[in-house]
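Visitor: Could you take me in for a close look at the nonpolar core, and then show me what lies around it?

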Amino acid sequence: MARYKDDSTALFPAEKDDLIYGQGVIINARWIMVGAGLLLVFWRSLLGSASLGEVRISLLLLIGLAVMNFFLYTEVFRKRRSLASVVYLASVVDLAVISCIVVAQGGFTAESFVFYFPAMMALSVAFPLQLIVAYTGVILIVYTSICNNSLIAGAESETNPWLIIIIRLLMIVGVVACSHTYWRVERDRRRRATE
Amino acid sequence: MQDMRSTAQEAAEDIFFGQAVLIWARWFVIVAGIIIALWGGQTQTVLTLSTIPFIALMVLNFFLRARYLANQPANQLLLFVTSLLDLIVITLVIFFSPENKGLASPFFVLYYPMLLAFAFVMPPRFTLVYTLLALFLYIGASAIAGLSSQTSFLTLQGQQDLFRRVVTLGAMSGLGAYYWRIQRARRRAAMGESPDR
């Protein structure tokens with residue numbers, strides 16, 4: 001098992017190990033988002049299907065995410081515990097970046113909301129329950145607001161848009177619930193094994 | 001022989017304890033499907049026909065839950081078959097959506113919790129097969145439905161949408177399998193075994 005220098009503090013000390021083991025999932029989820037996001041931005045900009053503003057914002061956000069992820073990755077690679085607050089803040093940045101890209105691409109009609117799924121899954125296996133609930137609640141409210149604003153601004157859909165929004169939100173909650181259920185199952189298995 | 005038996009026992013325990021995750025994922029798909037059927041059904045026939053598969057999934061889920069509670073959990077084959085049924089039902093929803101079908105259907109999101117739950121429970125090689133099946137079904141249904149609609153792989157928007165969805169669906173399975181490995185190593189370390197046995 002990897003040994004880490006014990007130079008961190010944690011908001012929720014009982015979950016330090018979960019954060020250590022779960023950080024790899026968060027970092028990999030972020031690499032997937034950055035890689036796919038950059039490919040899409042280059043694809044859209046080279047074919048002229050994205051506005052200059054959208055390309056600028058997307059590139060700025062994704063490159064910023066990549067730098068942040070590289071920093072966190074080197075911390076893990078050097079077997080140093082990242083401060084828990086840094087990891088929590090990094091996930092806030094992830095979700096904020098995804099939300100900004102969704103806004104830039106049209107809100108309700110933006111397909112980039114799918115990147116919420118791996119981001120929420122990753123934090124659901126690493127963070128304590130209180131934070132998972134908080135992050136999920138905030139994302140549900142933020143995404144609903146984004147969609148609502150874009151619908152008011154004229155976004156259209158052949159299918160009832162609120163049906164689509166509710167299903168998307170329900171699936172995000174489903175992914176979070178499944179991730180945390182699995183975390184609980186494995187925690188109970190480890191406890192039983194050591195009793 | 002001792003190691004092989006322990007590995008097989010470990011796999012059986014993964015199924016026994018992990019199937020609760022699959023059951024939960026299926027509940028979310030069932031609830032979403034019922035909402036889609038009741039809210040989106042424009043005629044009595046559509047409403048009835050679209051509700052039936054999700055009621056069937058509900059019965060199946062009750063059955064699996066009851067077996068779990070009675071300490072008679074499903075085996076690997078049964079879980080694989082039931083998970084495959086989930087994929088088929090979701091694909092049917094995407095293919096037969098009255099207004100937007102195939103690539104234009106917004107209900108591809110139902111795949112996400114199923115792929116993730118499967119990756120948490122099954123060994124990575126089964127997860128890979130399941131993921132490829134899911135993508136094959138989705139892309140196939142979208143291609144066939146796209147023959148009669150304006151949204152297809154031939155449009156730039158369609159290709160980009162498909163790319164995003166395939167990447168994130170694959171990411172769910174990949175990250176789930178990665179975390180499965182992490183948890184297996186933690187469990188083995190907790191039992192004093194080598195993490196890489």
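Guide: Let's settle one term to begin with: two residues are in contact when heavy atoms lie within 4.5 Å. Bear in mind, too, that this is a predicted model.

With that in hand, start at A:Phe117. Leaving out residues up to four places away in sequence, A:Phe117 touches A:Arg168, A:Met171, A:Ile172 and A:Val175, and it also reaches B:Val109, B:Tyr112 and B:Met172. So what is A:Phe117 part of? It belongs to the largest nonpolar core, a set of 113 residues. A:Phe117, A:Met121, A:Phe127 and B:Leu110 are the ones that touch the most other members. As for who supplies this core, the largest share is 13 residues, from helix H6 (residues 161-194) of chain A.

Step back to chain A as a whole. Chain A has 6 helices and 0 strands, so to speak an α-α-α-α-α-α pattern when you read along the sequence. Of its 195 residues, 53% are buried. Take the contacts in chain A between residues at least 6 apart in sequence: 78% of them join residues at least 24 apart. On the outside, chain A exposes about 8700 Å², with carbon and sulfur atoms supplying 65% of that.

Not every buried residue is a nonpolar one, and A:Glu54 is worth a stop. A:Glu54 sits in helix H2 (residues 52-77) of chain A. It counts as buried because its relative accessibility is 11%, and the cut-off for buried is under 20%. Setting aside residues up to four places away in sequence, A:Glu54 touches A:Arg44, A:Ala104 and A:Gln105.

Now hop over to chain B for another glutamate. B:Glu13 is in helix H1 (residues 2-40) of chain B, and B:Glu13 is partly exposed, at a relative accessible area of 31%. Apart from neighbours within four places in sequence, B:Glu13 is in contact with A:Arg189 and B:Gly18. If you want a sense of span, the C-alpha atoms of B:Glu13 and B:Ser97 are separated by 39 Å, with their positions 84 residues apart along the chain.

Last stop, the surface. B:Leu77, B:Val81, B:Leu85, B:Ile88, B:Leu92 and B:Phe96 make a nonpolar surface patch of about 560 Å². B:Leu77 is found in helix H3 (residues 76-96) of chain B. Why does B:Leu77 count as exposed? Because its relative accessible area is 62%, and exposed means over 50%.

Technical notes
Residues are numbered from 1 along each chain as its sequence is written. Chains are lettered from A and ligands numbered from 1 in the order in which they are written. This is a predicted model: local features need pLDDT of at least 70, side-chain atom pairs count only at pLDDT 80 or more; totals for chains, interfaces and linings use all residues. Side-chain values use heavy atoms; hydrogens and water are left out. Helices (H or I, at least four residues) and strands (E, at least two) are DSSP runs, numbered from the N terminus. Buried means under 20% relative accessible area, exposed over 50%, partly exposed in between (1.4 Å probe, protein chains only). Accessible areas come from the Shrake-Rupley method with a 1.4 Å probe; for residues, only the protein chains shown count as cover. A nonpolar core is a set of buried Ala, Val, Leu, Ile, Met, Phe, Trp, Tyr and Cys residues joined through side-chain atoms within 4.5 Å. Patches are made of residues with over 30% relative accessible area and no salt bridge: like charges are joined within 9 Å, nonpolar side chains (Val, Leu, Ile, Met, Phe, Trp, Tyr) within 5 Å. A salt bridge is a side-chain nitrogen of Lys or Arg within 4 Å of a carboxyl oxygen of Asp or Glu.
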